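Student: Got a minute to go through this model with me? I'd like to start with some basics on contacts.

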Amino acid sequence: MHIRPTTEEEHDLFVTTMHSAFGLFPEPRAEDGGGVWWAAHEHDRNFFAVADDGKLIGTAGAYSFELTLPGEHVIPVAGVSAVGVVPTHRRQGVLTAMMRHQLADVRARGEALAVLLCSEATIYRRYGYGPATYNERLTVQRHRSAFARPHEDKGTVEVLRRDDAVDLMEEIYDRHRRTQPGALSRPHRWWATRAGQPPIAPAHRYIAVHRAQDGTPDGYAGYTVDSGTLSVDETIAVTDEAFTALARYVLDHDLVEKVVLKQLPPGHPLRWRFEDFRAAEASGHGDWLWVRVLDVPRALTARGWFTDGELVLDVDDPFLGERGRYLLTVRDGGAECVRTDRAPDLSLDVSDLGSVYLGGTTPTTLARAGRVQAHHPDALPLADALFRPDRTPHCPHWF
Ligand SMILES: CC(=O)SCCNC(=O)CCNC(=O)[C@H](O)C(C)(C)COP(=O)(O)OP(=O)(O)OC[C@H]1O[C@@H](n2cnc3c(N)ncnc32)[C@H](O)[C@@H]1OP(=O)(O)O
């Protein structure tokens, strides 16, 4: 078996092979632009696994995204996707060979992190990825949804069809993602080719666009109404005021009993606005973005920090056969990270470093789960304080 890059001419072959690994029939391109979610593929990041007899047996690829870190720092990352091994050639090490090849390629491109969304949560930890952001949905009984304190919106809401709102959505999304830790860029190519899931993909959607008092667009919600349920796929807002105004707009929709707001970060403040705390039910809590650290010092110095301190981390990376001990020194919002032989405060697997890196879970949680080892009683409170983010990390992008 060997691995080789794909060419642009092999686009359809790549997509067909990938779909067969997922047990799907490739969707034909539709006249309205539907069925093109793979149109955003970057051919020079895709590759095939090829059996000795020349048969194509595996695919993997990546997108070039930017990831926002705590402190509104933005870095380039590889967004791994399109991973599949055809069913006749599984459990023979094909994925493992592709992951080794891909991580070397990501490093060679100078990216300190790779990220992905898992089809199954049992696949990727062995390759060094850890769950780092989470989603849940809020289902709100409309008739119980009065706010405890009135929300006076000085802005406006306008309802557009999806096709008339794409430029506004792109602009609002881009402003939002630059301030939201865990968010990925959604390159222009995605909007232009309508790649992804609704509301980027061309499905029927109404788009409620919020404008601030001065007329600047600062939020949108893409939704459908069906049989008394209003479902919001994506709510993107630059400010809490814009989010609240959009929430109030959908919650005041006539002929609706329930409003389902999907893809929210856990613990969203909307729930705390209701007079009746039980008006909203949180469900569907799950992992979303997984993070793989490939360069510990670069990753740790790239994010913003909010508490001063020093921490020595012993990081084990069994898949790449690497182990390193690092002194992290945080001062005035920035960090230095150098190799050290000082005694460690914490020992952890690189996948667990990926899980705490954006602040979506704490070192204490992972220590209580038996994953992270603390070498003295002060280590965990210090590590929790250091890794705490400015906002709950959240990734609204699907890829
Ligand atoms: C980012 C994304 O694109 S997510 C999409 C991932 N793709 C899919 O889910 C499509 C359907 N599944 C597949 O194509 C394949 O089953 C894959 C890609 C998940 C695995 O490919 P394989 O070539 O069979 O994996 P490989 O043989 O390298 O397995 C390596 C190890 O992972 C384990 N493993 C592989 N897949 C799974 C799984 N789905 N669940 C649990 N363990 C798994 C293997 O048992 C093996 O363990 P071992 O080293 O202890 O023996």
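Tutor: Sure. Two residues are in contact if their C-beta atoms, placed from the backbone, lie within 7 Å. One caveat up front: this is a predicted model, so local features need pLDDT of at least 70 and side-chain atom pairs count only at pLDDT 80 or more, while totals for chains, interfaces and linings use all residues. Residues are numbered from 1 along each chain as its sequence is written.

Student: OK, which residues does E170 touch, leaving out those up to four places away in sequence?

Tutor: H188 and W191.

Student: And where does E170 lie?

Tutor: In helix α3, residues 162–177. Helices here are DSSP runs of H or I with at least four residues, strands are runs of E with at least two, and both are numbered from the N terminus.

Student: Is E170 buried or exposed?

Tutor: Partly exposed, because 16 other C-beta atoms lie within 10 Å. The cut-offs: buried is 20 or more other C-beta atoms within 10 Å of a residue's own, exposed is 12 or fewer, and partly exposed is in between, with C-beta atoms placed from the backbone.

Student: How far apart are E170 and A132 in space?

Tutor: 25 Å, C-alpha to C-alpha, with their positions 38 residues apart in sequence.

Student: Switching to α8: how many of its residues are buried?

Tutor: Eight of eight, so to speak: helix α8 (residues 350–357) is mostly covered. Among the buried ones are L353, V356 and Y357.

Student: What follows α8?

Tutor: G359, with a positive phi near 90°.

Student: Now strands. Which way do β7 and β13 pair?

Tutor: Antiparallel, over six bridges, with β7 covering residues 134–141 and β13 residues 280–287. Two strands pair if DSSP finds at least two bridges between them. V140 has A280 in β13 as its bridge partner.

Student: How many bridges join β7 to β12?

Tutor: Five, and those two run antiparallel, β12 being residues 258–264. Q141 stands opposite K258 in β12.

Student: Zooming out, how many helices and strands does the chain have?

Tutor: 10 helices and 19 strands. Of the 399 residues, 42% count as buried. Among contacts between residues at least 6 apart in sequence, 72% join residues at least 24 apart.

Student: What about the radius of gyration?

Tutor: The chain has 22 Å, which agrees with the value near 21 Å for a compact globule of 399 residues. That's taken over C-alpha atoms, and the globule rule is 2.2 Å times the number of residues to the power 0.38. Along its principal axes, the C-alpha trace spans about 60 × 55 × 35 Å.
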